[in-house]
Amino acid sequence: MSARDALPARVPESGCHIVAWPRHSMRRSRTPALALTVFALLLAFPALAHAAEPTFTFTGRGWGHGIGMSQYGSKGYAEHGWTYDRILKRYYQGTTLGTVPGKKVRVAIQKDNIAQPSWRMRANSSLLKVKNRYGRELEMGTDTVYTFTAGPGGVVIVKDQASRVVTSVLAPAAVWERGGGQPEVLDASGPLDWTSVCYKGEMWLVVSGSNLYAYNHVPMETYVTCVGPREMPASWHAEALKVQAVAARSYAYVSLRSTGDYDVYCTTRSQVYNGWGRASGGTMTRHSSDYLYDAPVAATANKVVTYGTTVVQTFFTSTSGGHTENIENVWPGATPRPYYTGVADEYESVSGSPYHVWPEDDLAFTASGLRSELLEQNSTGGYKYFTPDQVPASIVEVRVTQRGVSGRVKQIVLEGAAGDDKTIEGGKIASFKSAL
C-alpha cells in the first residue's frame, strides 16, 4: 500500500539525473492497481563519446503512490515519541480526529470480485445458519460442508456433503455461524486465494445468472482489526499501529456505499483483507500475531480523520522516500486538497524501510533496451505501455522537464536521434514507471 528523500540538488556533470515515481498499491490509489506502488526513480546516464549507444541506469526511493501517510514514516515518527494523532495531522494537513457511529463493511472476498459457480462453507464450532432476504432463518449442522449454488428464479440452493438439497433460499442469502463464530469458506478467497479462510460476521451470497458473488458483511472495528496486520506489521510501535487503524477505518468509512452489493475489495484496490484466520483439521486459528492489533484498534475505536465535517479518504503508502506528494501531481485531474499536500518525512530514513533509497544499479538499460521495455507486448499482441509512435525510433537522451513538490517526475522528454522527440506526462508517467 511511497515517496522519496531529498532529491539531488544539482545535475552531475557526467550525466543527467531524473527522478520518477510509479504508483502504490492500496487503493491506496484512485486507479485500481494496485498495490499500486509508487517509487521514485533516479535516471542517470553518462555522456560518453565512445559509446555506441547511451546506457540509462534507474535508481530511486520510496514505494507507493506517495500520497498521504507513509507507513514506514509513521514507524519512524512513533519511534521518536510522536503520538498517533500528531502523526496523522502531520500527513493529512489541516485535519482533526472525529468520531463516527459503528457500521458494517461489505467486502468482496473473491479478489477480482468475480462470481463463482459455487461456494462451500461450514461451521467448526457452532451451527451454521442461513436466512433469506425476508429474514427467515434456517439452522444447519456443525462440521458439515455445505455447497451453495444458484438456482432458477434467483434462489440459492444449499446441498450437504452427500449432494442432497437441504433448502433453497431466495437470494440474497446470508450465511453465518451461530454465536458470533467464524464460518469457514473452503474455496479460494481473499487476496492470496487461500482455502479454508474463516470470516467473522455474515457471508452474503448474491445470484448472478448461474453463479454467485460472495460478500463478507463485517463490523467496522472487526474489519479494521483484520486489515491492520495485512497493511502494517503487528510488531511495530503501538502508536504506528494506531495510525494505521485510524487510516484504515477512515478509508473504509468513506468507501461505504448506499447502493450496490459491496463496499471494498479484499486487495490493494481497496485495503488488504484476508478474514480472521484459517481452519485446519476442524480447528480455527487466528492469523499470526493479529491479536497485537486488538489494543490499538480498541484505543482508537470509531475515530477517523476529518477535515471540517468531512471524513477524509486516507490514502497511504509504504514508503515516501523522504517527502510525500500533492495528489494532483500523482493522479492528473485530481482536485488539490490541503490534506493531500506533500510534506517532508523526517524520520523515514531511520525507520528501516528497504525502499527508502533504492540501489543505484537496480535497473540499467541501453537505449535500445529501454525502447524495448517501453514497447513490451501483452499476451494478445498489443502494447502494454506505449505504441511505436509514442517512443523515438532511437533514444539518445532522457530529460525531466517537470517535477512535483517531492521531486517526483511529472514530465519527461525522450529525445530521438532523428528529432522525433516524445513528451511523456499525465497518466503516461505511470506507464513509463511500470514498464521499468
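Reader: I'm looking at strand 12. Which residue there is the bridge partner of V155?

Author: Start with the general idea: strands of a sheet pair through backbone hydrogen bonds, either parallel or antiparallel. Here, V155 has L170 as its bridge partner in strand 12. That pair belongs to a set of 5 bridges joining strand 11 (residues 155-159) to strand 12 in the antiparallel sense. Keep in mind that this is a predicted model.

Reader: How many residues lie between the strands in that hairpin, and which one takes a positive phi?

Author: There are 5 residues between strand 11 and strand 12, and S163 takes a positive phi near 65 degrees. As a general guide, most residues other than glycine have a negative phi, and most peptide bonds are trans. Another residue to look at is N113, a non-glycine whose phi is positive, near 55 degrees. You'll find N113 in the loop between strand 6 (104-108) and strand 7 (118-122).

Reader: You mentioned peptide bonds. What is the peptide bond from A171 to P172, cis or trans?

Author: The bond from A171 to P172 is cis, with omega near 0 degrees. P172 sits in the loop between strand 12 and strand 13 (173-177).

Reader: Now the wider sheet. What is the strand order in the open sheet of 8 strands?

Author: Read it across as 12-11-10-7-14-15-19-20, with antiparallel pairing. Strand 12 (165-170) and strand 20 (283-286) are the edges; each has a single partner strand, so one side of each has no neighbour in the sheet.

Reader: Within that order, how many bridges join strand 14 to strand 15?

Author: Strand 14 (residues 184-185) and strand 15 (residues 197-198) run antiparallel and are joined by 2 bridges. To trace one of them, go from V185 to its bridge partner V197 in strand 15.

Reader: There's also an open sheet of 3 strands. What is its order?

Author: The order is 25-26-27, again with antiparallel pairing. Strand 25 and strand 27 (422-425) are the edge strands, each pairing on one side only. From one strand to the next, the twist averages 20 degrees.

Reader: How many bridges does strand 25 make with strand 26, and how many does strand 26 make with strand 27?

Author: Strand 25 (residues 395-403) and strand 26 (residues 409-416) pair over 7 bridges, in the antiparallel sense. One pair to find is E397 with its bridge partner E415 in strand 26. In the hairpin of these two strands, with 5 residues between them, G407 has a positive phi near 100 degrees. On the other side, strand 26 and strand 27 pair over 4 bridges, also in the antiparallel sense. There, L414 has K422 of strand 27 as its bridge partner.

Reader: Which helix lies across strand 26 and strand 27?

Author: That's helix 8 (residues 428-435), which runs at about 70 degrees to strand 26.

Reader: On to helix pairs. At what angle do helix 1 and helix 4 pack?

Author: To read a helix pair, take the angle and the distance between the axes, then look at the residues in contact. Helix 1 (residues 71-79) and helix 4 (residues 238-255) pack at about 140 degrees, with their axes 8 Å apart. That angle makes helix 1 oblique to helix 4. The crossing is right-handed. Helix 1 brings Q71, S74, K75 and A78 to the contact, while helix 4 brings E239, A240, V243 and Q244. By class, the residues of this contact are 3 nonpolar, 3 polar and 2 charged.

Reader: And how do helix 1 and helix 2 cross?

Author: Their axes come within 10 Å and cross at roughly 135 degrees, with helix 2 covering residues 84-91. Helix 1 and helix 2 are therefore oblique to each other. Their crossing is right-handed. The contact is made by G73, S74, Y77 and A78 from helix 1, with I87, R90 and Y91 from helix 2. This contact has 4 nonpolar, 2 polar and 1 charged residues.

Reader: Where is P336, and what is it in contact with?

Author: P336 is in the loop between helix 6 (327-330) and strand 24 (363-366). Beyond its neighbours within four places in sequence, P336 is in contact with I327 and E328. The C-alpha atoms of P336 and N326 are 7.2 Å apart, with 10 residues separating the two along the chain.

Reader: Last one: where does pLDDT stay under 50?

Author: Over residues 1-40, where the model has 214 contacts beyond four places in sequence. For the chain, the mean pLDDT is 87, and 88% of the residues reach 70 or more.

Notes: Residues numbered from 1 in each chain as written. Predicted model: local features only at pLDDT ≥ 70, side-chain atom pairs only at ≥ 80, totals over all residues. Heavy atoms only, no water. Pairing = 2+ DSSP bridges. Axes fitted to C-alpha atoms, helices over the stretch in contact; angles between N-to-C directions. Parallel < 35°, antiparallel > 145°, perpendicular 65-115°, else oblique. Left-handed = near helix turned anticlockwise from the far one by under 90°. Contact = heavy atoms within 4.5 Å. Nonpolar A, V, L, I, M, F, W, Y, C, P; charged D, E, K, R; others polar. pLDDT = per-residue confidence, 0-100.
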